Amino acid sequence: MGVVLPKPILSKVIERTGNKDINSAVCSINGFRTSMEDSHMMQLEDDRYLFGVFDGHSNDKCSAFIAAHLPGRLKALQLPPAVQTLEMVCLDLDEQFFEDVGEGGSTATFCIVEPVRQSASPGAPTKNFNVTVCNVGDSRILVIRNGALVFQTEDHKPMNPGEKARIERAGGTVRMNRVDGDLAVSRAFGDGAFKRMREDPRNQKVICVPDVSNFTCEIGDIMVVSCDGVFEGSFTNEDVAAFVTSKIPPPSNDMATIAARVVDQAVRRGSKDNITCMIVSFTDGSTMTQTLGAKAFVPGAPFPKTHETSRSQYGKMANHAGFTVAEALEQRYQLLQHFLNGTLASQPPVMSVAFEMSDEVDIENERAAFGGGDFGPKDPSFFARMAEGAGP
């Protein structure tokens with residue numbers, strides 16, 4: 001894992017999308033990492049719904065590239081796609097990454113969801129959903145039905161017998177459960193140092209050939225799509241399924257509230273990673289973006305003013321959501337006022353998670369960061385100066 005921040009950056013960047021079939025949201029936090037390397041896709045178009053999480057390593061270049069280029073390739077496929085076709089999509093995209101970028105790597109777990117209509121009539125009610133899951137690495141997809149875990153992907157780890165055998169055939173070793181003592185996953189996009197035999201892309205130390213699964217989801221099912229940061233601490237698949245089930249239905253039926261609570265729970269349980277969690281509910285979400293917005297931002301507590309990397313990452317998460325650092329700090333200050341005044345419930349439902357990771361000491365530290373004493377910045381330039389690391 002290497003160097004981590006002294007405190008996690010808990011600012012939450014949220015996206016929502018929905019239609020008559022799907023109500024979905026994704027929440028991402030930087031956490032304790034010194035850089036944010038997760039990306040995702042979440043698209044509902046023409047009865048072909050795409051969901052995926054891409055967990056980068058070394059940098060964010062590969063995960064961002066896959067998130068940008070994979071949807072177009074998946075939209076061009078005939079449904080249902082053959083396993084060999086999906087394998088070629090991944091192999092070709094990997095080669096394109098090496099040609100266009102080349103630096104970095106990323107796991108990927110993604111799926112194509114096709115609603116099955118009760119009749120051929122346009123707009124006919126949905127009967128169920130054909131789901132095709134592709135998994136490369138150790139991000140995960142879980143499907144929950146009536147509180148029970150009914151599907152889960154399998155991680156690609158170097159110590160898995162089949163993975164270890166392939167690594168060794170390609171001239172590699174497995175040490176400390178890592179490929180050549182370095183990479184913690186045995187399948188990924190990118191990672192060119194482990195793909196020297198490019199003419200044989202299925203038999204290298206690290207490959208991007210996906211495991212493909214096909215199954216049917218029912219109306220009311222819940223799908224969790226997430227990076228391994230959710231599970232890095234003591235948060236098992238079964239734990240996540242039970243936790244998600246306990247939060248249904250969320251306030252205002254906002255799946256972002258569940259996703260935000262999952263990432264916080266992962267931090268509580270020891271995760272030191274970037275964390276991205278997507279919740280896909282197979283229920284009507286046609287009004288979600290109109291009533292709650294396609295995007296939201298829940299700023300975390302102020303960064304330690306003497307820690308430059310923390311300030312930088314706080315700023316990058318704010319920028320990712322379309323805010324400056326000063327704007328994020330001002331919004332956090334306003335949320336803190338609502339919290340202290342007992343009026344947080346007047347804010348959008350997802351804002352209720354803003355202080356769930358805080359205790360009394362954290363709140364007092366936050367008050368001090370925003371001026372202490374009678375509490376509240378008096379200088380209009382306060383937040384801009386605070387954004388640069390200046391004290392109250």
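Is Lys12 buried or exposed? Select Lys12 to find out; keep in mind along the way that this is a predicted model.

**Stop 1: Lys12**

Lys12 sits in strand E1. With a relative accessible area of 2%, Lys12 is buried, because anything under 20% counts as buried. Now show the side chain of Lys12 and follow it to Leu10: the backbone oxygen of Leu10 is reached at 3.2 Å. Next, display the surroundings. Setting aside residues up to four places away in sequence, Lys12 touches Cys27, Ser28 and Ile29, then Ala260, Val263 and Asp264, then Ala296, Phe297 and Val298, and also Val353.

**Stop 2: helix H7**

Select residues 308-320, which make up helix H7. How far apart should the ends of this 13-residue helix be? At 1.5 Å a residue the expected span is 18 Å, and the end C-alpha atoms are indeed 18 Å apart, so the two values agree.

Colour the buried residues of H7 next: Ser310, Arg311, Gln313, Tyr314, Gly315, Met317 and Ala318. What covers them? Among the covering elements are three strands to switch on, E1 (12-18), E2 (23-29) and E15 (295-298). Helix H8 (325-341) and helix H10 (382-387) also take part in the cover. E1 is the strand you have already visited, as Lys12 has its place there.

Before leaving H7, click on Gly322. This glycine comes just after the helix and takes a positive phi of about 90°.

**Stop 3: where H7 meets H8**

Keep H7 on screen and add H8. Two packed helices are described by the angle between their axes and the distance between the axes. Here the angle is about 90°, and the axes of H7 and H8 are 8 Å apart. H7 and H8 are therefore roughly perpendicular to each other.

Which residues make the contact? On the H7 side, pick Tyr314, Gly315, Ala318 and Asn319; on the H8 side, pick Val325, Ala328, Leu329 and Arg332. By type, the residues of this contact divide into five nonpolar, two polar and one charged. Tyr314, Gly315 and Ala318 also appear among the buried residues of H7.

**Stop 4: the loop between E11 and E12**

Move to the loop between strand E11 (189-190) and strand E12 (211-217), and select Cys208. Cys208 is buried, with a relative accessible area of 1%. Leaving aside neighbours within four places in sequence, Cys208 is in contact with Cys90, Leu91 and Asp94, with Val136, and with Ala188, Phe189 and Lys195. If you would like to try the distance tool, pick the C-alpha atoms of Cys208 and Asp180: these residues are 28 apart along the chain, and the atoms are separated by 17 Å.

Stay in this loop and select Gln204, which is found there too. Gln204 has 3% relative accessibility and counts as buried. A polar atom of the Gln204 side chain lies 3.4 Å from the backbone nitrogen of Arg196. Arg196 is also one of the residues that Gln204 touches, along with Arg166, Ala170, Phe194, Lys195, Met197 and Arg198, not counting residues up to four places away in sequence. Lys195 is a contact of Cys208 and also of Gln204.

**Stop 5: two cis peptide bonds**

Go to Leu79 and Pro80, which are joined by a cis peptide bond with omega about -5°. Pro80 is in the loop between helix H1 (61-75) and helix H2 (83-100). Then jump to Ile248 and Pro249, where a cis peptide bond also has omega about -5°. Pro249 lies in the loop between helix H4 (237-246) and helix H5 (255-268).

**Stop 6: positive phi outside glycine**

Asn146 is in the loop between strand E7 (140-145) and strand E8 (148-152). Its phi is near 55°, a positive value in a residue other than glycine. Asn146 counts as exposed, at 79% relative accessibility.

Met176, in the loop between strand E9 (174-175) and strand E10 (178-179), is next. Phi of Met176 is positive as well, near 55°, and this residue counts as exposed at 68% relative accessibility.

**Last stop: the two ends of helix H9**

Finish with helix H9, residues 360-369. At its start, a side-chain oxygen of Asp359 reaches to within 3.1 Å of the backbone nitrogen of Val361. Following H9, Gly371 has a positive phi, near 125°.

Technical notes:
Residues numbered from 1 in each chain as written. Predicted model: local features only at pLDDT ≥ 70, side-chain atom pairs only at ≥ 80, totals over all residues. Heavy atoms only, no water. Helix = DSSP H or I, 4+ residues; strand = E, 2+ residues; numbered from the N terminus. Expected span 1.5 Å × (residues − 1). Buried < 20%, exposed > 50% of the residue type's maximum accessible area, 1.4 Å probe, protein only. Contact = heavy atoms within 4.5 Å. Axes fitted to C-alpha atoms, helices over the stretch in contact; angles between N-to-C directions. Parallel < 35°, antiparallel > 145°, perpendicular 65-115°, else oblique. Nonpolar A, V, L, I, M, F, W, Y, C, P; charged D, E, K, R; others polar. Polar contact = N/O pair within 3.5 Å; in protein donor to acceptor, adjacent residues only side chain to side chain.
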